[in-house]
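Let's walk through this model together, starting in the sheet and working outwards. Keep the viewer open as you read.

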Amino acid sequence: MNKVGKQWLEDVKAQQTYPTGELAEAFYLVKASHKKLRIEIRNDLPYASYVEGGFMQKGHYVPGHWEGKRFIYAPGEKSGMRVKTGWVDGNYVVRRTKIYADAALQARLEKMGLGMR
C-alpha cells in the first residue's frame, strides 16, 4: 500500500500547474494503511484547498504586469489588472488522481482474486 501511496503522491505532484512549483512540492504522504486500504496525502499551504476545489472571488485590483500570457503579481507596481467577481473553478487534481488510483487498485485486487464487490 505504501508503494501505491507513493505513486499516487507522485501523480498528484506531476499534474500541478502552479508556476513556481511550490504547490506540488508541498504535497506529502501522511500514511498508507494495508489494514484499511487507506492512503492519505496532504498539502498544508494556505491556498492549496482553493486551487484544488475552487473559490468565490470578489472583484478587486491586482498590481503587476503581463509577460506573454502569464500575469506577474508585483506589489506596489502602478500597472495591473482588475479581477472580476465570480466562481473560479478548482483544478481537482487530487480528486481525479484518487479516482484513477482507486481504479488501478481495484484492477490489481481483481487480478489477485480479491476484487471488492
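## The central strand and its partners

Strand β4 (residues 60-67) pairs with β6 in the antiparallel sense over 4 bridges. Here, two strands count as paired if DSSP finds at least two bridges between them. Helices (H or I, at least four residues) and strands (E, at least two) are DSSP runs, numbered from the N terminus. One bridge to look for joins Val 62 to its partner in β6, Met 81.

This is a predicted model, in which local features need pLDDT of at least 70 and side-chain atom pairs count only at pLDDT 80 or more, while totals for chains, interfaces and linings use all residues. Residues are numbered from 1 along each chain as its sequence is written, and side-chain values use heavy atoms, with hydrogens and water left out.

## The sheet as a whole

β4 also pairs with β5, again in the antiparallel sense and over 4 bridges. In this pairing, Gly 64 stands opposite Tyr 73 in β5. A hairpin links β4 and β5, with 2 residues between them, and Gly 68 in its turn has a positive phi of about 65°.

Put together, the strands make an open sheet of 3 in the order β5-β4-β6, with antiparallel pairing. β5 (70-73) and β6 (80-83) are at the edges and have a single partner strand each, so one side of each is left without a neighbour in the sheet. Neighbouring strands of this sheet are turned by 55° against each other on average, direction ignored. That angle is taken between axes, which are lines fitted to C-alpha atoms (for helices over the stretch in contact); in general, angles run from 0 to 180 degrees between N-to-C directions.

## Three buried residues in the sheet

Which residue of β6 deserves a click? Val 83 is found in this strand, and it is buried, with a relative accessible area of 12%. (Buried means under 20% relative accessible area, exposed over 50%, and partly exposed in between, with a 1.4 Å probe and protein chains only.) Val 83 and Val 62 are 21 residues apart along the chain, yet their C-alpha atoms are separated by 7.1 Å. Beyond its neighbours within four places in sequence, Val 83 is in contact (heavy atoms within 4.5 Å) with Gln 57, Lys 58, Gly 59, His 60 and Val 62.

Pro 63 is found in β4 and counts as buried at 18% relative accessibility. From Pro 63 to Tyr 73 is 6.1 Å, C-alpha to C-alpha, with their positions 10 residues apart in sequence. Leaving aside neighbours within four places, the contacts of Pro 63 include Phe 71, Ile 72, Tyr 73, Gly 76 and Gly 80. Phe 71, in strand β5, is also buried, at 17% relative accessibility. Phe 71 lies 8.9 Å from Met 81, C-alpha to C-alpha, and its contacts outside four places in sequence include Val 62, Pro 63, Trp 66 and Met 81.

## Two helices that cross

Now turn to the helices. Helix α1 (residues 2-15) packs against helix α4 (residues 93-111) at an angle of about 145°, with their axes 10 Å apart. Their crossing is right-handed; a crossing is left-handed if the near helix is turned anticlockwise from the far one by less than a right angle, and right-handed if clockwise.

On the α1 side, the residues are Val 4, Trp 8, Asp 11, Val 12 and Gln 15, and those they meet in α4 include Val 94, Thr 97, Tyr 100 and Arg 108. The residues of this contact divide into 7 nonpolar, 2 polar and 4 charged. Ala, Val, Leu, Ile, Met, Phe, Trp, Tyr, Cys and Pro count as nonpolar, Asp, Glu, Lys and Arg as charged, and the others, Gly among them, as polar.

Tyr 92 lies in the loop between β7 (86-88) and α4. Its phi is near 50°, a positive value in a residue other than glycine, and Tyr 92 is partly exposed, with a relative accessible area of 24%.

## The whole chain

The protein has 4 helices and 7 strands, which follow the pattern α-α-β-β-α-β-β-β-β-β-α along the sequence. Of its 117 residues, 29% count as buried.
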